[in-house]
Amino acid sequence: MEEKHQDSITQSDNVLLEVIKLKQFFPIKAGLMQRIVGYVRAVDGISFSIQRGKTMGLVGESGCGKTTVGKTILRLNEKTDGDVYFNKQEIFSLSRKEMRAIRPKMQIIFQDPYSSLSPRLPVSEIIGEAVREHSIVPDSEYESHIDMIMKSCGLEPYHKDRYPHEFSGGQRQRICIARALALNPEFVVCDEPVSALDVSIQAQIINLLKDLQDKFDLTYLFISHDLSVVEHISDDVGVMYLGDLVEYGYKNSIFNNPLHPYTQALLSAAPIPDPGARMNRIILEGSIPSPANPPSGCKFHTRCREVMSICKSVAPQTKEVEPGHIVDCHLY
């Protein structure tokens, strides 16, 4: 299996990141001895790939495992099973020294710009700390490099001596973006980077991310629950439910022809900027099951309006309904 996959990676040079049946389970401990009594199946065997210079949007309800996917891809969590190939290297097979060498190429922008910045460091140190640590540029070019990154992210040189509490939420997120870009990355995980911001500021940050992608040839995994934002920035879209990737394909295929009942329900809930438009809202019954004790068969069958008897006992297989558009559902 591994040899076969290595061949497929060699043939697809344009793929920067490839995820194969990735699993991330967290142990549940109980009792005085803290014995493991079960597992939270946060990510349960998902597969996808992202091409260089492209953006993949990852959407789903809160608690479906989106952020865990991003952190595991960056090896901030150790995987339970599966493979993650970055530039044709399986990152979980790398030694600590080898992983440190590629760390600058894989960065993350966190959701909350308030808690992800150290209140004790000025902006210049926040952005430049890792630049010095990884010797990204010679010492003689350090200041000019920081100035260039700050300017690219909409920050001024006189901001360098200020502290995070002196900035607005949008400016703090620009600092977070600058901190990630200062290391000259190839791949950036954007973990809901605009969800904590006002709507008007969200548009500025999204446009900034798109401009930076064009300027620096960046590849994004954009995690969000806001479908309008994902539609604006993404090339491909994956839909997650309870640790599973239930649908995946090109953006136009997902938004114009959603196949999975869960995807259809998500899209029906997205607001339409037209007061006269009629919305055929699909209301999902019940609440999300626990990832520690997921339903048998299709995990979505407890809330699905199209449920069949087979859904309750047999997990659906992944099917490619049209080129590049795959879905896990017994309807197809």
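Which side chain of opposite charge is nearest to Glu-192, and is Glu-192 buried or exposed? This question opens a set of exercises on a predicted model.

**Exercise 1. Describe the surroundings of Glu-192.**

Solution.
- Step 1: Locate the residue. Glu-192 is found in the loop between β7 (187-191) and α7 (199-216).
- Step 2: State its burial and its charge partner. Glu-192 is buried yet has no salt bridge, and the nearest side chain of opposite charge is that of Lys-66, 4.0 Å away.
- Step 3: List its contacts. Leaving aside residues up to four places away in sequence, Glu-192 touches Lys-66, Gln-111, Ile-223, Ser-224 and His-225.
- Step 4: Place the neighbour. Lys-66 is one of the buried residues of α2.

**Exercise 2. Determine how far α2 is covered, and examine the residue Arg-75 that comes just after it.**

Solution.
- Step 1: Count the buried residues. Six of the eight residues of α2 are buried, and the helix is mostly covered.
- Step 2: Name them. They are Lys-66, Thr-68, Val-69, Gly-70, Thr-72 and Ile-73.
- Step 3: Turn to the backbone. Just after α2, Arg-75 takes a positive phi of about 65°, and Arg-75 is a residue other than glycine.
- Step 4: Place Arg-75. The residue belongs to the loop between α2 and β4.
- Step 5: Classify its exposure. Arg-75 has a relative accessible area of 17% and the limit for buried is under 20%, so Arg-75 is buried.

**Exercise 3. Describe Asn-184, another residue with a positive phi.**

Solution.
- Step 1: Read the angle. Phi of Asn-184 is about 55°, although the residue is not a glycine.
- Step 2: Locate the residue. Asn-184 lies in the loop between α6 (169-181) and β7.
- Step 3: Classify its exposure. With a relative accessibility of 35%, Asn-184 counts as partly exposed.

**Exercise 4. How many salt bridges does the structure hold, and which parts of the chain does the pair of Lys-79 and Glu-90 tie together?**

Solution.
- Step 1: Recall the principle. Side chains of opposite charge can pair when their charged atoms come close.
- Step 2: Give the total. The structure holds 12 salt bridges.
- Step 3: Take the pair of Lys-79 and Glu-90. Their closest N and O atoms are 4.0 Å apart. Lys-79 lies in the loop between α2 (66-73) and β4 (81-86) and Glu-90 in strand β5 (residues 89-90), so this salt bridge ties together parts that are 11 residues apart in sequence.
- Step 4: Compare the exposure of the partners. Lys-79 is partly exposed at 26% relative accessible area, whereas Glu-90 is buried at 11%.
- Step 5: Take the pair of Glu-133 and Arg-100. Their side chains meet in a salt bridge of 3.2 Å, N to O. This pair links distant parts of the chain, with Glu-133 in helix α4 (residues 123-133) and Arg-100 in helix α3 (residues 96-102), 33 residues apart. Arg-100 is partly exposed, its relative accessibility being 41%.
- Step 6: Take the pair of Arg-132 and Glu-125. The closest N and O atoms of this salt bridge are 3.2 Å apart. Arg-132 is partly exposed at 45%, and Glu-125 is partly exposed at 26%.
- Step 7: Look for shared partners. Arg-41, Asp-44, Asp-244 and Lys-299 are joined into one network by salt bridges that share partners.

**Exercise 5. Characterise the environment of Ile-46.**

Solution.
- Step 1: Locate the residue. Ile-46 is placed in strand β2 (residues 35-51).
- Step 2: State its exposure. The relative accessible area of Ile-46 is 1%, and the residue is buried.
- Step 3: List its contacts. Apart from residues up to four places away in sequence, Ile-46 touches Val-19, Ile-20, Lys-21, Leu-22, Val-69, Gly-243, Asp-244 and Leu-245.
- Step 4: Connect these contacts with earlier results. Val-69 is among the buried residues of α2, and Asp-244 is one of the members of the salt-bridge network.
- Step 5: Consider a separation in space. The C-alpha atoms of Ile-46 and Gly-286 are 25 Å apart, and the two residues are 240 residues apart along the chain.

**Exercise 6. How many cavities of 30 Å³ or more are counted, and which residues line the largest cavity?**

Solution.
- Step 1: Count. There are three cavities of 30 Å³ or more.
- Step 2: Give the volume. The largest cavity has a volume of about 60 Å³.
- Step 3: Name the lining. It consists of His-260, Pro-261, Cys-298, Phe-300, His-301, Cys-304, Glu-306, Cys-311, Pro-316, Cys-329, His-330 and Leu-331.
- Step 4: Sort the lining by type. Eight of these residues are nonpolar, three are polar and one is charged.

Note on methods:
Residues are numbered from 1 along each chain as its sequence is written. This is a predicted model: local features need pLDDT of at least 70, side-chain atom pairs count only at pLDDT 80 or more; totals for chains, interfaces and linings use all residues. Side-chain values use heavy atoms; hydrogens and water are left out. Helices (H or I, at least four residues) and strands (E, at least two) are DSSP runs, numbered from the N terminus. Buried means under 20% relative accessible area, exposed over 50%, partly exposed in between (1.4 Å probe, protein chains only). On a 1 Å grid over the protein atoms alone, a cavity is a set of points where a 1.4 Å probe fits but cannot get out, and a pocket is an open set with protein on both sides within 12 Å along at least five of seven lines; lining residues have an atom within 4 Å of a point. Grid points are joined across faces, edges and corners, and a volume is the space filled by probe spheres set on the points. Ala, Val, Leu, Ile, Met, Phe, Trp, Tyr, Cys and Pro count as nonpolar, Asp, Glu, Lys and Arg as charged, and the others, Gly among them, as polar. Contact means heavy atoms within 4.5 Å. Lys and Arg count as positive and Asp and Glu as negative; His and the chain ends are not counted.
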